[in-house]
Every structure is written in C-alpha cells, then in structure tokens.
Amino acid sequence: MKKHHFHFSFTPLGAAVALVLMLGTIPLAGSGPPGTNIKANLPYTPVVTPNGSTLPWKMVDGVKEFHLVVEEIQWEVAPGMVIKAWGYNGQTPGPTIEAIEGDRVRILVTNQLPEPTAVHWHGVILPSGMDGVQGLTQRGIAPGETFAYEFTLRQHGTQMYHSHGDEMTQIGLGTMGFFIIHPKQRERKIDRDFAIFLSEWFVAPGSSRPNPKIMTDFNIFTFNSRAYPGTAPLVARTGERIRIRFANVAQETHPIHLHGHSFKVVATDGGDIPLSAQWPETTVLVAPGQTRDIELIANPGDWALHCHRRHHPMNAMGHDLPNMLGVDQADVQEKIRELLPHYMAMERTGMGGMQAMAGHMAGPENTLPMMAGDGPYGAIQMGGMFTILKVRDHLKAGDGAAWYQPPEGTVAEKVPAGQRLEPTKP
Amino acid sequence: MKYHVWTAVRAFAGLFIVSSCASVPLDGGFRGVQEQVETRSGAHIHWIQGKPEDREVVEQIQSMLSKKLSADEAVQVALLNNPSLQATFEDLGIAQADVVQAGLLKNPVFAARVRFPAQEGSNNTEFSVEQNFLDIILLPARKKLASEKFKQAGFNVGSAVLNLALEVRSTYYTLQGDQQLLAMQRTVVQAAESASELAEHQHMAGNISILDLSNQRAAFHEAKVRLMQSEAGIVAKRERLSSLMGLAEPDNIWKIKAVLPELPHQEPPSGALEDRAISQRLDLAAARQQTQILQRALSLARFGVVSPVTLGVNTEREADRPNLLGPTVEIGIPIFDRGQAASARIQSQLRQSKKQLEAMERQVRSEVRIHRSQLLAARARVEYYRDNIIPLHEQVVHLSQRHYNYMLKGVYALLQAKRNEIDVRSQYIEALTDYWVAQSELERAVGGRLSTLTRDDGTPMKNDESEIPPEEHHMQHDEPEKPPEEHHMQHDEPKKPPEEHHMQHDEPEKPPEEHHHHQGGKPR
C-alpha cells in the first residue's frame, strides 16, 4: 500500500472521537467487539466485508454505541486510481454495522462534510423520528454537528445505512454501508458470511472526483467501492456454507453471477425467505434499494463472481468510439504513424489485445485500463465488478494469493494435432 | 587687323577650354551610391556596363542560385540582376550629363552683314562675334546647381535600391511562410486521407454506413482542393520573387530556405531607430538636397537682376574706307524684369520644400513607430503561439494518444487533435511571417538593416538566418522517422503520477488480495 493513497482527513473532532471510541472498546474487547480471532465469543459468524471493515462499538448503559464520521476521503478504487470520495470513517462503503436482533443501538453521526446530511437506516424497523430523512423526520446534521440515533432492533436481516440528504451527491460519492442484524439464534450455521456493496461511478478519465450528476453513462463499476484488479477475493473451504450479501443503492440493477455453483436467494432486505420459497439460481438481480442474501455450499476451484452486464466487469472505456472490429488498418497505420508516431491500430480482431497493449502504452493519469488481471493461464481481461471466490480443500495462509491447482485431466486443453474430429453434421 | 582677329579667337578658345573642363568622373556618382547602399543594406550593387567585371557578377549570381537562397542572398541577386534597377542607374548618367551641360558656355554668335549701296558705291561688310558674358559669370553657379542635382540623383538611386531590397525581403519571407504553410497543409491532407481510408476499410468490413463514409471522403477531398489552391498561390509568389530577382525562365530553378528564421532575441530601442531613420534615409537625404538645390537656384536667380551683357567684336569694312574693328556691348536695362518674379517663385519653392522636408521627417518618425509597434505585436503573437498555444496543443495530442491507448478516444478524434495542432502551428507561421514582413517594413522606415544596430550592452543585434529554425524546437518529437517503440512511450511521459508506476510494476501473478487495503478506519 502506498501511503499517499490513504490519506484520511482526520479532523480534530474526528480524531478525538476515534480516540474515545478506541479507548472505550478496550475493556470490552473480550466480550463484545467482533473480530475473526474472537468469533468464538460471538453468537454469530461475523461478517467479512472484503476491502472493508466492521464498525467497533462499546456498551454504554446497556446500549451498543457506534460512531460514524462522514467526510471526504481519498479512496483507492484499484492500484493506479485514487478518487475523492465521501465516506464514513475513512472508507466507502462505510464500515459494516453488526448487531443482534433485540439489541438497543445508539449511533452517533458526526458530519464533516461541507453540507448537511442525515443517515437513513434502510429497511430497519424503527420510530419514524429515527428514520434519518433530512427535512422529513429530522433536521439536517450541519457540518461539524454530531447527532445521535437510538432504537431497538426488532428484526434481523441485511439492511443498509446511507445518506438521506442531497442523496444524488452524497450517495453518488459513496456514503453508504451495511447494517447487518443477526438473528438471536440461526437455524443453519453459516461458515462464512461476506458482504458486497454494488456501486457505479463516473470519473472522467484523467480526473479524480466522481461526477454525481451522471445518470446513466457510468464508467467505473465496483464491489465495495473497489474495481478489479483491486477487489479482494473471497476465500473458503470446500463444503462450507457460504452466505454472500449484496446491497445496492445506486442507479443501475446488477445481475450478479457466480460460477461453479447453484445458490439460493435466502433473504431480502424484507427478511428471510422461507425454505420452501427459495429457488435455485446462478445469477441474482440486485436492484437499487435492495439487498439480496445468497447461500451456497462451496465447490473447490477458482470461481469468477461478477456482474453479468457486459460493460460492468470492465473499467473505463469510451462508448462512442468507431467500430474497428474486422477493419484492416495495416496500410493506414503506417500513414498515421507519420503524423502520430505512437499510434497503434487496434481492435481489428476484438478488444482482448487491449490488455497487453495497455501494459506497455500509457493511458491518462489516474485511470484504470479497461481490462486487466493476469491469471495462471494468461490475461484475465476483466475489470470493475469482478472478483474470485477461491475455494480450497485445505486452507492455508496465502490461499487468497495462490491459484487453484486443478486435479490432473480436469483442465480444458488443446486437442493434439491429428486427433481433430470432424464437426458433427446436423 | 589680323592681330585683333587673332586676339579675339584666342579669347574664345580660352573660354572653350574653361567650359569643357567642367566634367564629373563617369562612375564617381555610382561608387557613392554603392557605398551608401552597402552601409545601409550590407548588399552590393553593380552597374552592368559591358565591362569585364560583369562576368564575375554573373558568376556570383549563378553560385548563389545554385544553393538554397537566404533572404540576404535573394536581395543580393535582385540588386545585381534586376533590370529595372539597372535602368534606374542610368538616372546617374543623365544627371551627370546635366552637370557637363551646365559647365558648357553657350556658343558664341557669329554674325555677318553685307550691305550693297543703293546707288553707286562699294559694298559694306560687317562681321561680329558675340558672346553672352553673363553666361560666363553664371557658369560656376550653374555648375554647382547641376552637381547638387547630381547628388540628389545619387540619393534617389540609392533609395530605389533600398526599396527594391525591402520588396525582395518581404516577398521572400511571405514565400517562405507560405511554403511552410503548404507543407503543413500537406500534413492536414494526409490526416484527412488517413481518416478517409480508415472509413473505407470500416465500410468494407461492414461497420459504417455509406453516409458516414461519404462524410469522411468529402472532408478529405475538401482538404485536397484547399491544398491545390495554396499550391497555385505559391507559384504566383515564386514568380513575383523571380521577377524581382530579374530571373528569366531558364534560371527559374532556384530554391529558398525551407523555414522562416526564429525571432531575434531582442528588438532595438525605439528612440535610436527614429534618429537613425532621420540620419540615414536616402529619400530624406534627397528631399534635403532639394532645399540645397533651390538655394543654389535662388542665388542663380539673383543674377537675374544683372541683365544679359553681350560682349563682342565687330568689324566693318567698306571698300573705300579703312576697316573698322571694335568691341560691342549689349546691356539689357533691368527696368521691367529685374528677375523679381523668378526669384520669388524659387523662394516659395524653397520654403515649400523646407516644410515638405519637415513633414517628411515627421512622417518618417511616425512610420518607424508604426512598424516598430507592428513588429512588437507580431513578436508577441509569435511568442504566445510558441510558448503557450503550441505546447498546449502538443499536450492535447499527447494526452489524446493516451486516451486512445486506453480506448477512451477513437482514432478519428486522435487525428482531429493532430489537425488542430497543425492548425495552430500554421497560425504560428502566419504570425512569424508577419513578424519578418514587419521587420522588413521597419527596415525600410529606418532606411537600412537593423542588424547593424547594437544592443544596449554593445553587442551586435542578432538577426535572422543565424537562428535555429523553430521546427527543431517544436516538431522534433513528431518526426515520422522516429520509431514508435514501446519503451519510448513510457519514457516520454511528463510528470507521470506515482500511481502509474506501480501499475506497470505489477507482477502478473500478484494475487488480487495483495492489492486490497485493509482499511484502517479511524475508530477501530
């Protein structure tokens, strides 16, 4: 990690609040705050937010107290691209809030944005005055102010929190996060629980501030505000029950597809779907304002997990470019090179060569090449909403970095010369 | 009697000798003009008069024409070879003849008279030789007047030489600029042609409609027809320069240097230029000379008070009388015409010419200021293009290339960026042409080349030719012969942001996990 990528804007108040919270959590470390090493003490499997984190809390007079600071941050979308986003506690999506049905929670929200905000607890059943809609249920939190929201959790499920003041700007720049309420008792144990927020952005190539006014022509598509190859993989053991929670508060619907598995959609932000009503899927459509939880039993391998809209597992590219597919450019290339010595004709055979080309030809600054990633068999040619579910029979350190070793004879190969079969005639 | 006749003859002979000696050396005047021109323009003139030196001049012209002509050389060829200029040189011959003429006395008048007696008697014969002696008195003054006029003719010829030099110089720069513009226009055509060919291929591959293809084709053909127009324009400009250089068809194979010289580092200060113009302009010198001439004419006119005096020898013979020999005198009596009108006329002319000189001097100073301000304005434009606009367009092309590399821009947009860059380069060349034409105009206003001036620190002003052509600064990295190697592209990136480095250094086998950041949120 390059230090300049994570220059969080620590304001004096934010820093003081952070310090108080950190001090406050220490005495409770053994009993409360989640973390993988103490998950034995928790009545639930803690959620892993890839590329993100879980929000710490402390008990204050029997109330779980959380603190969110909303502010402008420098956010790395992937190595090579840092944007000026708005987020909670230095990240977008904000840290995942985890609590248990029946908990009374108090969430302090400090506004370090240049304009008022409010936080809406999306899908949480609560008193109207705690719903966090600026102007409708509360006064906006002015810059520098801290508001307290307090309510008792009467449900469980995958909920969200997001800004509800100047949403177009504030959500457009990244002010959202997961609010996950675990049931007191879960009937079927979950071995691994992942949470992935779906977002899209428009960042003009060569610039660094997302343009919140863009309505349709987005160019950056992210899982937890990271674009491939900046997305962390999901790592699991063969046979484990995996839950993946998807959330969306953006503009577009995202059909999320997982390779190598048949999964079931087990819950929505409205609650659990009864077993009898669940049906098998390989792609789950997540619309803006929705969450979807899927569950699957992990099969060994390296499995692509991505949005199935063709342009979404891809980074910035122009959409009104001339179509050069199948166009012979050899002779013209020489002529153009006399004018533009760095010119290279492309796309005659498709866009796949783009990845190799981008590897040695510079693009605009702070811009990701449209496709990237090198796998064990060559260029992966992906970007955006793409990550890998890595399932291994035996987990060991570094599995996230290693490639799956398939049993012999289970990889597609070139048919040796002389064994070419005649195509079957219809 | 014989004796007396001889005395008279001798006296006339003496007068003849005096008058015929009053001649000017034949090319003395031309040498003076040569010097004047050389100190002002640095160029040499030669008067082709069928002498052996003429050959050398022809060789000199041939040798200059065999290489690419500089502006100075084009001027030199014109000054040696322009037939109109050679015709102007004859003004010196004419003025010189006038000087000779002024030194000649009017021929004496011989009169003979024979009278026959009406009745008986012998014939009466009378002979006289008369010479207007006022002529003799006026001769020195007339000679002075003629030689002042001769001097003026020298200034006028010199001025004509310098005007030709200016015209050659500004025509040269205009042609040079146009040639550069033409080269750029060819590049524009090449860009349009490339776009059109790409469109042809796209259409053949089934990717674009005949409508889109027609648009690209039309753009190409329009660029081409504009090029044709410019090429025709160049032919006319070349012909103009050729004619100024006095070249006929068979010699018309000359070439000029390809690129306009860059700006000199500094311009001479304004005040010095005005004073210099006043002191060195030959048309001013000619005007000043006009007052001299009129002054002389005036003193000559004052002799008008002295009426014509005719002295002569008269001899009269009658048959039966001794011969009579005696002097004759005729004196006009200046009662009516004492020359006052003629004198007043010249006095008016003199005052007129002094006023005209004053007006001309003011005009000259004003011209110097005007052309100097035009020069400075052109310089400012050239510098603005050179230091701001062209680098920005280069940057635009460079960045468009990067956007193209990442499939953020298409090839047509990239070609358009290049065309826009060529457009501003053309505007730069237009400004630079304006600069050099303005400089030629300023030199005409100053009456000589600026290069002979010195800077404030005493070092000589640098002038054109010696400077590096602008291409070497601005166009170098666009040279087509430069191979588009890959490593090359990465090296020429200015101010690469740090992010890019580590993208390029990424190991292919590096797992995605390594990229992700465990977010150090503040409250942990």
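In this predicted model, B:S128 is found in strand 3 of chain B, which covers residues 124-132. Because its relative accessibility is 8%, below the 20% under which a residue is called buried, B:S128 counts as buried. Leaving aside residues up to four places away in sequence, B:S128 touches B:V109, B:F110 and B:A111, and also B:V313 and B:N314.

**Aromatic and charged side chains**

Over all chains, a search of the whole structure finds 16 aromatic pairs. One of them joins B:F30 and B:W47, whose ring centres are 5.3 Å apart and whose planes stand at 50°, so that the pair is tilted. B:F30 belongs to helix 2 (residues 28-41) of chain B, whereas B:W47 lies in the loop between helix 2 and helix 3 (53-66) of chain B, and the pair therefore ties together parts that are 17 residues apart in sequence. B:F30 is buried at 7% relative accessibility, and B:W47 is likewise buried, with a relative accessible area of 6%.

In chain A, one aromatic cluster is formed by A:Y88, A:W121, A:Y149, A:F151, A:Y161 and A:F179. Charged side chains also meet aromatic rings: A:K64 lies over the face of A:W57, at 4.6 Å from the ring centre, and in chain B the charged end of B:R238 sits over the ring of B:W254, 3.8 Å from its centre.

**Chain A as a whole**

The secondary structure of chain A consists of four helices and 24 strands. Chain A has 426 residues, of which 56% count as buried, and its accessible surface comes to about 17,900 Å², with 57% of that area belonging to carbon and sulfur atoms. Among the contacts in chain A with a separation of 6 or more, 72% are accounted for by residues 24 or more positions apart.

**Strand pairing in chain A**

Strands of a sheet pair through backbone hydrogen bonds, in either the parallel or the antiparallel sense. One open sheet of chain A holds five strands in the order 13-24-21-15-19, and its pairing is mixed. Its edges are strand 13 (234-237) and strand 19 (283-286) of chain A, each of which pairs on one side only, and the twist from one strand to the next averages 20°. Within the order of this sheet, strand 15 and strand 21 of chain A stand next to each other, and they pair in the antiparallel sense over three bridges.

Strand 16 of chain A (residues 263-268) has antiparallel pairings with strand 18, with strand 20 and with strand 17. The table sets these pairings beside that of strands 15 and 21, with residues that stand opposite each other in each case.

| Strands of chain A | Bridges, antiparallel | Opposite residues |
|---|---|---|
| 15 (residues 254-258) and 21 (residues 301-307) | three bridges | A:H257 and A:H306 |
| 16 (residues 263-268) and 18 (residues 280-281) | two bridges | A:F263 and A:E281 |
| 16 and 20 (residues 290-297) | four bridges | A:A267 and A:D293 |
| 16 and 17 (residues 271-272) | two bridges | A:T268 and A:G271 |

Strand 16 and strand 17 of chain A, moreover, form a hairpin with two residues between them. A:T268 of this hairpin has A:G271 opposite it in strand 17, while A:A267 stands opposite A:D293 in strand 20 of chain A.

Technical notes:
Residues are numbered from 1 along each chain as its sequence is written. Chains are lettered from A and ligands numbered from 1 in the order in which they are written. This is a predicted model: local features need pLDDT of at least 70, side-chain atom pairs count only at pLDDT 80 or more; totals for chains, interfaces and linings use all residues. Side-chain values use heavy atoms; hydrogens and water are left out. Buried means under 20% relative accessible area, exposed over 50%, partly exposed in between (1.4 Å probe, protein chains only). Contact means heavy atoms within 4.5 Å. Rings of Phe, Tyr and Trp (its six-membered ring) pair if their centres lie within 6.5 Å; planes under 30 degrees apart count as stacked, over 60 as edge-to-face and the rest as tilted. A charge sits over a ring if NZ of Lys or CZ of Arg is within 6 Å of the ring centre and within 35 degrees of the ring normal. Accessible areas come from the Shrake-Rupley method with a 1.4 Å probe; for residues, only the protein chains shown count as cover. Two strands pair if DSSP finds at least two bridges between them. Axes are lines fitted to C-alpha atoms, for helices over the stretch in contact, and angles run from 0 to 180 degrees between N-to-C directions.
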